[in-house]
Amino acid sequence: MGKGRDIESFEYAVDFEDFRWKILGRPNEVYIAATRQKILDGIGDEVVGPKELAETLGLDHENVRKNCREW
């Protein structure tokens, strides 16, 4: 997160890799992308609801429900 008198405030998700900072993107976009990938990896051949999927994957039920609805 950055703030300044002469600049607009900003916030980015970053990762420190190979002794360099790497900008991953906006925090909400990075988190959603990671959550969606985890959901896709967790979906098997069974038909399950978002609540059961969230419990199985250890994710927040509301996040899973919102992500599934957006697809």
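**Figure 1. A salt bridge within helix α3 links Arg-65 and Glu-62.** In this predicted model, the closest N and O atoms of Arg-65 and Glu-62 are 2.5 Å apart. Helix α3 covers residues 61-70, and the two partners sit three residues apart in the helix, about one turn. How many salt bridges does a search of the whole structure find? The search finds one. Arg-65 has a relative accessibility of 26% and therefore counts as partly exposed. Glu-62 is likewise in the range between buried and exposed, because its relative accessible area is 32% and the limits are 20% and 50%.

**Figure 2. Strands β1 and β2 make a hairpin.** Here we move to β1 (13-17) and β2 (20-25). The two strands run antiparallel, and five bridges join them. To find your way across the pairing, start at Val-14, which stands opposite Ile-23 in β2. Two residues lie between the strands, and in this turn Asp-18 has a positive phi of about 55°.

**Figure 3. Phe-10 and Tyr-12 form a tilted aromatic pair.** A pair of aromatic rings is described by the distance of the centres and the angle of the planes. For Phe-10 and Tyr-12, the ring centres are 5.9 Å apart and the planes meet at 45°. Why is this pair called tilted? The angle of 45° falls between the limits of 30 and 60 degrees, so the pair is neither stacked nor edge-to-face. Phe-10 has a relative accessible area of 36% and is partly exposed. For Tyr-12 the relative accessible area is 36%, which makes this residue partly exposed too.

**Figure 4. Phe-16 and Phe-19 meet edge-to-face.** The centres of these two rings are 6.5 Å apart, with 90° between the planes. Is Phe-19 buried or exposed? Phe-19 is exposed, because its relative accessible area of 77% is over the 50% limit. Phe-16, at 45% relative accessibility, counts as partly exposed. Look a little further and you will meet Trp-21, which forms one aromatic cluster with Phe-16 and Phe-19. Across the whole structure, a search finds three aromatic pairs.

**Figure 5. Eight side chains make up a nonpolar surface patch.** The members are Ile-7, Phe-10, Tyr-12, Val-14, Phe-16, Phe-19, Trp-21 and Ile-23. Together they have about 940 Å² of accessible area. Which elements give two or more residues to the patch? They are β1 and β2. Ile-7, in contrast, is found in the segment before β1. With a relative accessible area of 48%, Ile-7 is partly exposed. Readers coming from the earlier views will recognise the tilted pair of Phe-10 and Tyr-12, as well as the aromatic cluster of Phe-16, Phe-19 and Trp-21.

**Figure 6. The setting of the close-ups is a chain with three helices and two strands.** Along the sequence, the elements follow the pattern β-β-α-α-α. The radius of gyration is 16 Å, whereas the globule rule gives 11 Å for 71 residues, so the chain is more spread out than a compact globule. The C-alpha trace spans about 50 × 30 × 20 Å along its principal axes. What percentage of the 71 residues count as buried? The buried share is 15%.

Technical notes. Residues numbered from 1 in each chain as written. Predicted model: local features only at pLDDT ≥ 70, side-chain atom pairs only at ≥ 80, totals over all residues. Heavy atoms only, no water. Patch = residues over 30% accessible without salt bridge, like charges linked within 9 Å, V, L, I, M, F, W, Y side chains within 5 Å. Areas by Shrake-Rupley, 256 points an atom, 1.4 Å probe, with all protein chains shown as cover. Salt bridge = Lys/Arg side-chain N within 4 Å of Asp/Glu carboxyl O. Helix = DSSP H or I, 4+ residues; strand = E, 2+ residues; numbered from the N terminus. Buried < 20%, exposed > 50% of the residue type's maximum accessible area, 1.4 Å probe, protein only. Pairing = 2+ DSSP bridges. Phe/Tyr/Trp six-rings, centres within 6.5 Å; stacked < 30°, edge-to-face > 60°. Rg over C-alpha atoms; globule rule 2.2 N^0.38 Å.
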